[in-house]
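Hi everyone, thanks for coming. I'd like to walk you through one structure today, so please have the view open as I talk.

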There are 2 protein chains.
Amino acid sequence: MRADALRNSELLLQAARDVFVERGPDASLEEIARRAGVGIATLYRRFGDRQALMHAVVHAALVASAEAAEHAQREHADPFDALTAYVHAVLDLRTSAVIPVLLDRLDLAEPELDTARRRSASIADRLLTAAHRAGAVRKDVTFGDIGLMLVRLSRPLPGQIPPETQDALAHRHAELLLRGLRAVPSDEPLPGSGLELAQLRRLRRHAPTT
Amino acid sequence: MRADALRNSELLLQAARDVFVERGPDASLEEIARRAGVGIATLYRRFGDRQALMHAVVHAALVASAEAAEHAQREHADPFDALTAYVHAVLDLRTSAVIPVLLDRLDLAEPELDTARRRSASIADRLLTAAHRAGAVRKDVTFGDIGLMLVRLSRPLPGQIPPETQDALAHRHAELLLRGLRAVPSDEPLPGSGLELAQLRRLRRHAPTT
DNA sequence: ATGTAACCGGAGGATGAACCTCCGTCTAGT
DNA sequence: ACTAGACGGAGGTTCATCCTCCGGTTACAT
């Protein structure tokens with residue numbers, strides 16, 4: 001593969017990731033090409049169709065975040081620090097932003113994707129389990145909670161906010177979230193995870209939705 | 001105004017709010033009409049154009065959440081409980097979801113909108129100030145933090161998730177957030193709000209974005 | 001330096017979605 | 001029972017996106 005072709009492939013993958021995140025799975029392929037700074041023909045030549053492009057984007061995201069998880073585990077002895085590093089890495093990689101957007105359109109049975117998914121999930125799960133075992137994280141916080149909060153933190157805020165600001169805010173709010181996850185002395189169960197729905201319902205008594 | 005016309009107006013406002021949240025400010029007006037269960041002509045007859053519809057949606061949202069804030073303050077003696085009730089109410093009203101989506105397209109100078117905005121903001125601000133004064137909320141948590149986290153919590157998650165699940169998750173995650181906001185003994189400043197950016201930078205050293 | 005295989009960009013016809021008006025029908029309220 | 005006022009949806013127009021084809025350009029080996 002020629003060097004320029006390789007470079008354009010990577011530019012297209014990045015652009016596709018960002019545009020899918022912003023505009024959803026039906027985003028214009030021409031906008032992706034435009035954003036990558038290449039012609040539309042180059043996109044079609046490289047990826048054939050929308051499906052193949054989505055597949056490539058998701059595969060790259062899974063591989064990158066698996067590596068990030070391994071790296072976080074290797075570099076940080078303290079489990080909470082490792083988890084924190086992983087959370088920030090995933091925000092930078094936009095993994096949690098792009099995958100849910102494309103999930104419905106993917107063939108998850110496809111072996112290449114399935115392998116990458118399992119690998120990524122198992123390493124991330126190990127990170128949280130370690131944090132739990134060390135007593136660093138609230139007991140009632142699940143893997144799903146963290147995953148979904150990462151989705152929320154990854155998604156771009158609506159309106160015209162410069163990308164650097166978006167990123168800075170996401171990382172700041174991630175810290176806010178991590179404080180919420182952290183085990184504290186007064187460790188009451190969280191409504192919805194267990195039995196304490198009554199308390200939540202009480203607090204939600206408010207003026208009716210008009 | 002005839003009763004059926006009034007009912008259709010309200011259905012349209014609700015549908016418009018939801019569709020704008022899901023599809024952004026350029027959402028199809030025909031989809032809005034479809035979702036409201038009325039003909040497209042009814043939408044045009046009632047609101048004239050997209051601009052007027054957006055205006056009406058935002059105005060309704062501001063008024064409703066101002067009322068919710070007053071209600072929360074009136075009903076809860078404890079400032080943290082009041083704040084909690086307000087957060088859950090705003091999630092139900094979708095205020096924080098719809099306003100940022102339409103913000104760029106609105107004429108904020110427009111008096112009717114400006115009045116509603118000031119009123120809503122000042123009441124909400126009073127809620128947080130009270131919580132701060134009571135020492136119930138971390139000192140480095142700003143009004144902007146809460147507002148933006150509400151935006152994140154309000155936005156629909158991508159993919160095919162049933163609305164009830166979306167709502168339940170949003171409220172659960174709101175609790176997670178509120179725990180993070182709550183003042184705790186080991187009350188280190190949050191990176192980004194003050195000076196402690198070095199720590200954040202250290203934790204963010206991870207595998208490079210590919 | 002030069003040849004060439006591989007790569008590139010963009011024009012352009014086809015398609016389909018959304019806009020917005022017009023008009024014949026229906027019904028809420030007196 | 002009457003009618004003012006509200007209703008729905010057809011349809012002409014406009015416009016973005018799709019995807020292919022082809023003439024020009026470039027990386028790289030010799």
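**A walk from the inside out**

Let me start with one alanine. Leaving out residues up to four places away in sequence, A97(B) touches V21(B), S154(B) and R155(B). Before I go on, please keep in mind that this is a predicted model. A97(B) sits in helix 6 of chain B. Is A97(B) buried or exposed? A97(B) is buried, because 25 other C-beta atoms lie within 10 Å, and the cut-off for that label is 20 or more. There is also a link across the sequence: A97(B) and F20(B) are 77 residues apart along the chain, yet their C-alpha atoms are 9.0 Å apart in space.

Now let's look from the other side of that contact. V21(B) belongs to helix 1 of chain B. With 22 other C-beta atoms within 10 Å, V21(B) is buried too. Which residues does V21(B) contact, once its neighbours within four places in sequence are set aside? They are R94(B), A97(B), V98(B), V101(B) and P156(B). In addition, V21(B) and P100(B) are 79 residues apart along the chain, with 9.2 Å between their C-alpha atoms.

Helix 1 of chain B also holds Q14(B). Here the picture changes: Q14(B) counts as partly exposed, because it has 18 C-beta neighbours inside 10 Å, and a buried residue needs 20 or more. From Q14(B) to A61(B) is 47 residues in sequence and 10.0 Å in space, C-alpha to C-alpha.

One of the contacts of V21(B) was R94(B), and that arginine deserves a stop. R94(B) lies in the loop between helix 5 and helix 6 of chain B. What is the sign of phi at R94(B)? Phi is positive there, about 65°, although R94(B) is not a glycine. As background, most residues other than glycine have a negative phi. R94(B) is buried, with 23 other C-beta atoms within 10 Å.

Over in chain A, please find R94(A). Phi of R94(A) is near 65°, again a positive value in a residue other than glycine. R94(A) is found in the loop between helix 5 (79-93) and helix 6 (95-102) of chain A. R94(A) counts as buried because 23 other C-beta atoms lie within 10 Å.

Next, helix packing. Two packed helices are described by the angle between their axes and the distance between the axes. In chain B, helix 5 (residues 79-93) packs on helix 9 (residues 163-181) at an angle of about 150°, with the axes 10 Å apart. The crossing of these two helices of chain B is right-handed. On the helix 5 side of chain B you will see T84(B), V87(B), H88(B) and L91(B), and they meet A170(B), H171(B), A174(B) and L178(B) of helix 9. By class, that contact between helix 5 and helix 9 of chain B has five nonpolar, three polar and no charged residues.

On to the core. In soluble globular proteins, nonpolar side chains tend to be buried together. The largest nonpolar core here has 117 residues, and V57(A), Y86(A), V57(B), Y86(B) and V98(B) touch the most other members. Take Y86(B): apart from residues up to four places away in sequence, Y86(B) touches A68(B), A69(B), A72(B), A124(B) and L127(B).

Stepping back to chain A as a whole, there are 10 helices and zero strands. Of the 210 residues in chain A, 42% are buried. Among contacts in chain A between residues at least 6 apart in sequence, 70% join residues at least 24 apart.

Finally, the DNA. Which residues are closest to DNA strand C? Of the 22 residues that surround DNA strand C, the closest are V38(A), G39(A), A41(A), T42(A) and A3(B). Helix 3 of chain A gives the most to this surface, with four residues. By class, the surface near DNA strand C has 10 nonpolar, four polar and eight charged residues.

For DNA strand D, the count is 23 surrounding residues, with A3(A), N8(B), G39(B), A41(B) and T42(B) the closest. The largest share of the surface near DNA strand D, four residues, comes from helix 3 of chain B. This surface near DNA strand D has 10 nonpolar, four polar and nine charged residues.

That's my tour, and I'm happy to go back to any of these spots with you.

Notes
Residues numbered from 1 in each chain as written. Chains lettered and ligands numbered in written order. Predicted model: local features only at pLDDT ≥ 70, side-chain atom pairs only at ≥ 80, totals over all residues. Near = placed C-beta within 6 Å. Nonpolar A, V, L, I, M, F, W, Y, C, P; charged D, E, K, R; others polar. Buried ≥ 20, exposed ≤ 12 C-beta atoms within 10 Å, placed from the backbone. Contact = placed C-beta atoms within 7 Å. Axes fitted to C-alpha atoms, helices over the stretch in contact; angles between N-to-C directions. Left-handed = near helix turned anticlockwise from the far one by under 90°. Core = buried A, V, L, I, M, F, W, Y, C linked by C-beta atoms within 7 Å.
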